[in-house]
Amino acid sequence: MTLHVFNPEHDIALASNLPNFTAPRAARGLRSDLGYIPVLWAEDGDAVLVDDAAYAERQMEDLSKSLDVVLPNVRFVTKALLRNLKLSSISPWGWDKTLCCELCRNGVSAGLCLSQSELAIIRALSHRELGAKLLAELRVEGTVGESVVCHDEDDVIRYLEDHEQIVAKAPWSSSGRGVRMVRIGDYESKLKGWVKNMLKQQGALVAEPYYNKVKDFGMEFFSDGNGTLIFCGLSLFRTEQSAYAGSIIAPEQVKQSLISRYISVDLLKDIKGKIQVVLAQWLKGKYKGPLGVDMMIVKDYLAGGYFLHPCVEVNLRRTMGHVALSISSIVADAKMVMQIETDNVFKLKIQML
């Protein structure tokens, strides 16, 4: 039996790097309200950790009806029942120290969790520096993008003076919380305090030029941990203030066609191949599990035309893109929009296109 855990506070937990920490209220609500969604990729007989089993059952029934499919027969369990389960493996949204401590406190064998050294490796790889390194490897004709790691405020100021408008990112952050855009004249009033605070808390910042984004998308993968990166599919999503806002669920050829309005299919295939070679080797022996590489289409008014930014960031965890792909795998030729809405509670809303 595999235990699935939806822990969307994962990125914030990486930032804290503590065995115990209290996630922000929104993150706690998201986990509680949507804890059932691993049913989309679980298998018959698996268990899914939730706060309220009866609520999760009702939400699964509603999801099954909205998709018109029979979902896997899983067991929804609360923390109080964990010590009674005969588990063979654990499949979380993302691995971090907080989750491992939470599971072990509630009776899960430490042998099923990652070791402290394995967790340290995943946290180091989850630093946004990995995305900056990958971006440098992916720069070919038809692409744009640069990203640098700043270790002190002087580094940030120099980069801002060189580019006049930049995006600064905390090494570990979630849902746009650690991302700031600023123009050179606004630094003192809008960014200085945040920069100093992030440098003190996380030791560095990642800075990049501001780009005229036209479309968000990504590529979703699975690392087998042995040097192979399996391509799962494209992810077309939209963001609002750098936070996830929704995804398109559609066959691969449809998603590819939408992106090919701006860039060539050959360029997409070239970038995918490079990621599968470079990132697979970097992760060999270090990370096994789902991951995503976020990208964007950029319009360059000076050069004229559209360009691919091949690596905005690397998410070393499951993503909402993986969720969308899970739905595509169980609903034949699906053409839908998936969103997370909130009105007192978070809801996974899926509508036909």
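**Cavities, a pocket and paired strands**

Three elements, β10 (229-240), β11 (243-249) and α11 (320-330), each contribute at least two residues to the lining of the second largest cavity. The model examined here is a predicted one, and this enclosed space is a handy place to start a tour of it. The second largest cavity has a volume of about 30 Å³. Its walls are made by L234, S235, I248, I249, K255, G321, A324, L325 and S328. Helix α11 provides the largest share of that lining, with 4 residues. By class, the residues around the second largest cavity comprise 5 nonpolar, 3 polar and 1 charged.

Strands β10 and β11 also pair with each other, running antiparallel over 5 bridges. Within this pairing, T239 has Y244 of β11 as its bridge partner. The two strands form a hairpin with 2 residues between them, and there Q241 adopts a positive phi near 55 degrees. Strand β11 is mostly covered, as 5 of its 7 residues are buried. One of the residues lining the second largest cavity, I249, stands opposite M336 in β14. That bridge belongs to a further antiparallel pairing, in which β11 and β14 are joined by 3 bridges.

From β14 the path leads on to β15. Strand β14 (residues 336-343) is linked to strand β15 (residues 345-352) by 8 bridges, again in the antiparallel sense. Across this pairing, V337 faces Q351 of β15. A hairpin connects the two strands with 1 residue between them, and the turn residue N344 has a positive phi of about 80 degrees. As a general point, side chains in a regular strand alternate between the two faces of the sheet.

Two glutamines repay a closer look. Q339 sits in strand β14. Its relative accessibility is 17%, so Q339 counts as buried, the limit being under 20%. The side chain of Q339 makes a polar contact of 2.9 Å with the side chain of R238. Beyond residues up to four places away in sequence, Q339 touches R238, A245, G246, K347, L348, K349 and Q351. Q351 has appeared already, as the residue opposite V337. For a sense of scale, the C-alpha atoms of Q339 and R75 are separated by 25 Å, with their positions 264 residues apart along the chain.

The other glutamine, Q165, belongs to strand β6 (residues 165-169). With a relative accessibility of 15%, Q165 counts as buried, therefore falling under the 20% limit. Here, too, the side chain has an arginine partner: Q165 makes a polar contact of 3.4 Å with the side chain of R183. With neighbours within four places in sequence left aside, the contacts of Q165 are L160, M181, V182, R183, P209 and Y210.

Attention now returns to the enclosed spaces. The count comes to 2 cavities of 30 Å³ or more, and the largest has a volume of about 50 Å³. R128, G131, A132, S147, K169, V206, E208, C311, V312 and E313 line the largest cavity. The elements giving two or more residues to this lining are α6 (129-138), β8 (205-209) and β13 (306-315). Of these, β13 gives the most, with 3 residues. The lining of the largest cavity divides into 4 nonpolar, 2 polar and 4 charged residues.

Helix α6 connects this cavity to its surroundings in a further way. Its buried residues are L130, G131, A132, L134, L135 and L138, and G131 and A132 are also among the residues that line the largest cavity. In general, an α-helix has 3.6 residues a turn, so residues three or four places apart point the same way. The buried residues of α6 pack against α5 (116-126), α10 (265-283), β12 (289-299) and β13.

Two of those packing partners, α5 and β12, reappear around an open feature: along with β4 (89-92), each supplies at least two residues to the lining of the second largest pocket. This pocket has a volume of about 490 Å³. Its lining holds 26 residues, and those nearest the centre are I90, W95, L114, K288 and G289. Strand β4 gives the most to the pocket lining, with 4 residues. Sorted by class, the lining of the second largest pocket has 13 nonpolar, 8 polar and 5 charged residues.

How values were computed. Residues are numbered from 1 along each chain as its sequence is written. This is a predicted model: local features need pLDDT of at least 70, side-chain atom pairs count only at pLDDT 80 or more; totals for chains, interfaces and linings use all residues. Side-chain values use heavy atoms; hydrogens and water are left out. Two strands pair if DSSP finds at least two bridges between them. Buried means under 20% relative accessible area, exposed over 50%, partly exposed in between (1.4 Å probe, protein chains only). A polar contact is a pair of N or O atoms within 3.5 Å; within protein, one must be able to donate a hydrogen and the other to accept it, and residues adjacent in sequence count only if both atoms are side-chain atoms. Contact means heavy atoms within 4.5 Å. On a 1 Å grid over the protein atoms alone, a cavity is a set of points where a 1.4 Å probe fits but cannot get out, and a pocket is an open set with protein on both sides within 12 Å along at least five of seven lines; lining residues have an atom within 4 Å of a point. Grid points are joined across faces, edges and corners, and a volume is the space filled by probe spheres set on the points. Ala, Val, Leu, Ile, Met, Phe, Trp, Tyr, Cys and Pro count as nonpolar, Asp, Glu, Lys and Arg as charged, and the others, Gly among them, as polar.
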